[in-house]
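User: Please take a close look at the part of this model that carries the annotated active site, and then work outward to the elements around it.

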Amino acid sequence: MNTTSVSHPISTFSLCLISIFISFALLHRIPPPSTQSPTTFNSSLPNQISRSNYIVRFVNYQTAQAHREYLELGFRSGGWGWIERRNPAANYPTDFGLVWIDDGARETVIRGIGSLELVKDVNLDVAYRRDLLNEKTTERDRVGAFVDGEKRPGKIFTSMSFGDGDGDGDVQYYTAIANSTISWRRQLLSHRSQVTSLFGAEALWGKGYTGSKVKMAIFDTGIRAGHPHFRNIKERTNWTNEDTLNDNLGHGTFVAGVIAGVDAECLGFAPDTEIYAFRVFTDLQVSYTSWFLDAFNYAIATDMDVLNLSIGGPDYLDLPFVEKVWEITANNIIMVSAIGNDGPLYGTLNNPADQSDIIGVGGIDYSDHIASFSSRGMSTWEIPHGYGRVKPDVVAYGRDIMGSKISTGCKSLSGTSVASPVVAGMVCLLVSVIPESSRKDILNPASMKQALVEGAAKLSGPNMYEQGAGRVNLLESYEILKSYHPRASIFPSVLDYTDCPYSWPFCRQSLYAGAMPVIFNATILNGMGVIGYVESPPTWHPSDEEGNLLSIHFTYSEVIWPWTGYLALHMQIKEEGAQFSGDIEGNVTLRVYSPPSQGEMENRISTCVLQLKLKVVPTPPRPKRVLWDQFHSIKYPPGYIPRDSLDVRNDILDWHGDHLHTNFHIMFNMLRDTGYYVETLGSPLTCFDASQYGTLLLVDLEDEYFQEEIDKLRDDVINTGLGVAVFGEWYNVDTMVKMRFFDDNTRSWWTPVTGGANIPALNDLLAPFGIAFGDKILNGDYSMDGEQSRYASGTDIVRFPRGGYVHRFPFLDSSESGATQNVLRTPEMTVADSPILGLTEVGEGRVAVYGDSNCLDSSHMVTHCYWLLRKILDFTSGNIRDPVLFANSAKQDSPLYVEDSQLPSRRTDVNFSSYSSVLGKELICRSDSKFEMWGSKGYHIQVRGRNRKLPGYPVIDLGRGLNSTVDVSKSRRSTMFKKNKDEFLVNRYLGLFYRDEPDMPLLVGSHWLVPSIIAVIGLLVFLSFWRIRQKRRRRRKGSGSSRFSNM
């Protein structure tokens, strides 16, 4: 009896435990995070490379010997040595030294030397390479630092080459205002005109101004002694490792001829200018930063007046070079530099011409069209968290210009390398106008730029980022300098929304209330002194009552050095102007002062004026407002960010800014023509009010996302009805590994830090919607609704919810794994269709994804897909469904789905935080978000409404708050690279109840649902048996008491 009564509760308890264990066993069937072993590189350097050269910069100027003794006394460890530099600068004090460091001791030596008190920093001695063309090479054959995907020796440098100007073929010119080209036939004069005559140099020659006693430094390939075209070659110096002073390429001679040639067939502007030829490039067109630093120091020590530098490249983060250029201009040397030959692409300004203290020169032809080769603005230093400056400063004739050959005779060449000496020659001529005794008091880099930009003639066709102030006007600049008094000014001095196309892109989209601030970044030119200060904050002075509707916040240089600073206007229309339509006019004033000059007692003070004429329209309806995400864009420099199209083999770096107004400018114009208003967000996704926008446009993004951004976007789409349009790019780790190269200059392996886009990060962002991209690299042509398009290095879609619409096409996969399959493919085998376009409705919002962005990027576009973008925006913003995109044949009856292990993984061998604005950074709204958001973390939008069931989805959990909605937040990163282990686990559990996998796995109840149900059932079973057991105990107890009483 006792045995029977005890065994029954034990069995009941065991059954309960089994039920609970089953529930937790299901819970813990979660697979471990998908861990892909880090890609291993053979990082050993080539055997012949055991040491590298480094530049050690000091905080003061001393003789080279003094610096050497200081280093050898302060850091006695081995593994390094001093390199003696034998050049003309050795006789002067210097602020840097050149050392070699063994690669094995690199970190120890750099850390030890860098810790010394008088050492500023230690930098690799970077090499510059410029590729020049011979007379028979055409402009189309220009090459840069990469040829067929292979890195050439030297620093990564854009093509500074230029072609022979002969020929009369048709030339295509691209416009910034529409997606069109202007075809024109070169209109050359019946005889080849002198460029000096076109600018009226004879008028100044007639007044006796010929460049006399002006010291002109030409940094180039040298010049031969006794050249018959020059009457005043004062000095030739060689800064290279080749034992010659001669020009064996012809580029330096040609530049000198444009500036100061005396041959009747190819006259220069300033024939009596004193030429100082600095040979800084070898016959192989290679140069090193250390050569430039020595040559720059020598130019300062020998008191040059003007310096021409017809080189450039995208690396504005070569700090020793950039800061030495600042020092050059701070020592009152006027530097002129070519803006670059990377046109007609936008965002292609070359350094140092893109620096505000340099006169950056673009090129035009004799018909006053911007030359096709001339690089376009804006500057990209400030992107993605600001807005670029206006560059070039001026343009000059740069096509079919006559100049001197190496030994004798003349030839015709084209390029901004030609336009730069045209302006440099004019500068020499203008310097000679000022008496030598007062030149340094009046002339400086700022006052000369003021004379050039204020005297320039604005061209009728190009915009400000193509032409700057316009075509230089020598005689107007002469008149300005004749009566010049030191002052400060703003360039451009006018922003007029009614002046189109010059004021593009501002004139293309009026201001309205509720928009993100429109930023205009102007340059402060301070002709009063090398250093200046802003006396008080800038002030907005409206010309009438309506002007009070405009709110301007200012960011600016409180210290102006050298000679220049910036003034950025962040403009918003106040909410009370939501229905206003009309013009707003007024002035922005800024007071600048500089310390008194020699012999003066009081500060020099000047008031700068910027005139504004702005157009305002009523706030557009929500479906017509599109927000462009700029914040998550990363470009070169500082990292190896690869080009989006892998078909482009000679320009593999993504360095054009990826901005609406640089390489996406044609797309911007198209959207405006279609009636959309496009705003830019340079802050995290928490910093905008989704209720104001129809679509968030995410194109070619490389950065990570804060978890708060993922949570907010999920709520914005589901509850606020925001549309999201995503244009992705390729991402394949094996291909990235193959793309690495060993750079002989930095003595290191360069490997892409991400793909064309950061697909793992985008997949995190899209996970709440059940969408993910894969790692294929697809290429091919396709047709849809009569539109022909090229899919160039795009990716595929591997996850998409049921009920959405997906379009597939038979493209070849050119990734490493795909290439292997292609080799094994037999002729009779067909190519599988790859999903590339998906559209779906999510709650109150809509999401569309496309795997390629090259068709929107004007950098290397084959065919555009603006037609597709319009159809996508019609859907995401207005729920207008194109019958082709939403054909029944494209509807998903079952979801696309792959396991976590098949999703693209992050690289574990790259310190991505060095390039990211997210990893290791604070989430904060910046000065390009709405004023009320500055310095905050963004909009704290609460989840609105109750839990509700979306069409086609069994369960939806939206009531737990944005910070705990999905498990992706728990395991999103380990440092940054941990995979999302629970991203789609709910599929496995809900498969127990539903035949099909859920359409949007992360929108249904969490993965606790099934274990919880089983646990509850087990608990109920336990309580039932426990209750029965208790009743039986009471019965036994009652019968036992009766027995005891009876006894």
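Analyst: In this predicted model, H251 is buried, with a relative accessible area of 3%, and this histidine is found in helix α6, which covers residues 251–260. It is one of three positions, D220, H251 and S417, at which UniProt, in an unreviewed entry, places the feature "active site". Although these positions span 198 residues in sequence, no two of their C-alpha atoms are more than 10.6 Å apart, so they gather at one spot. S417 belongs to helix α9, residues 416–431, and S417 is likewise buried, with a relative accessible area of 1%; both values are to be read against the cut-off for burial, which is under 20% relative accessible area.

Turning from the annotated residues to the sheet, one finds 7 strands that form an open sheet with parallel pairing, in the order β11-β12-β10-β14-β15-β16-β17. The edges are held by β11 (233–238) and β17 (394–397), each of which has a single partner strand, so one side of each is left without a neighbour in the sheet. From one strand to the next, the twist averages 25°. At the β17 edge, the pairing with strand β16, residues 359–364, runs in the parallel sense over 4 bridges, and within this pair G362 stands opposite V395 of β17. Helix α11, residues 445–455, packs on the sheet, where it touches β15 (334–338), β16 and β17, and the direction of α11 makes about 30° with that of β16.

A further element that can be described in detail is helix α14, residues 665–674, which is mostly covered, since 8 of its 10 residues are buried. The buried residues of α14 are H665, I666, M667, F668, N669, M670, L671 and R672. An α-helix has 3.6 residues a turn, so residues three or four places apart point the same way. For α14, the cover over the buried residues includes the strands β30 (625–629), β31 (677–681) and β32 (695–699), together with helix α19 (866–878). The helix is followed by G675, whose phi is positive, near 100°.

Taken together, the part you asked about is a set of three annotated positions that gather at one spot, with H251 and S417 both buried, while the sheet described above is an open one with parallel pairing.

Terms used
Residues numbered from 1 in each chain as written. Predicted model: local features only at pLDDT ≥ 70, side-chain atom pairs only at ≥ 80, totals over all residues. Heavy atoms only, no water. UniProt positions renumbered as here; feature names shortened; annotations may be inferred. Helix = DSSP H or I, 4+ residues; strand = E, 2+ residues; numbered from the N terminus. Buried < 20%, exposed > 50% of the residue type's maximum accessible area, 1.4 Å probe, protein only. Pairing = 2+ DSSP bridges. Axes fitted to C-alpha atoms, helices over the stretch in contact; angles between N-to-C directions. Contact = heavy atoms within 4.5 Å.
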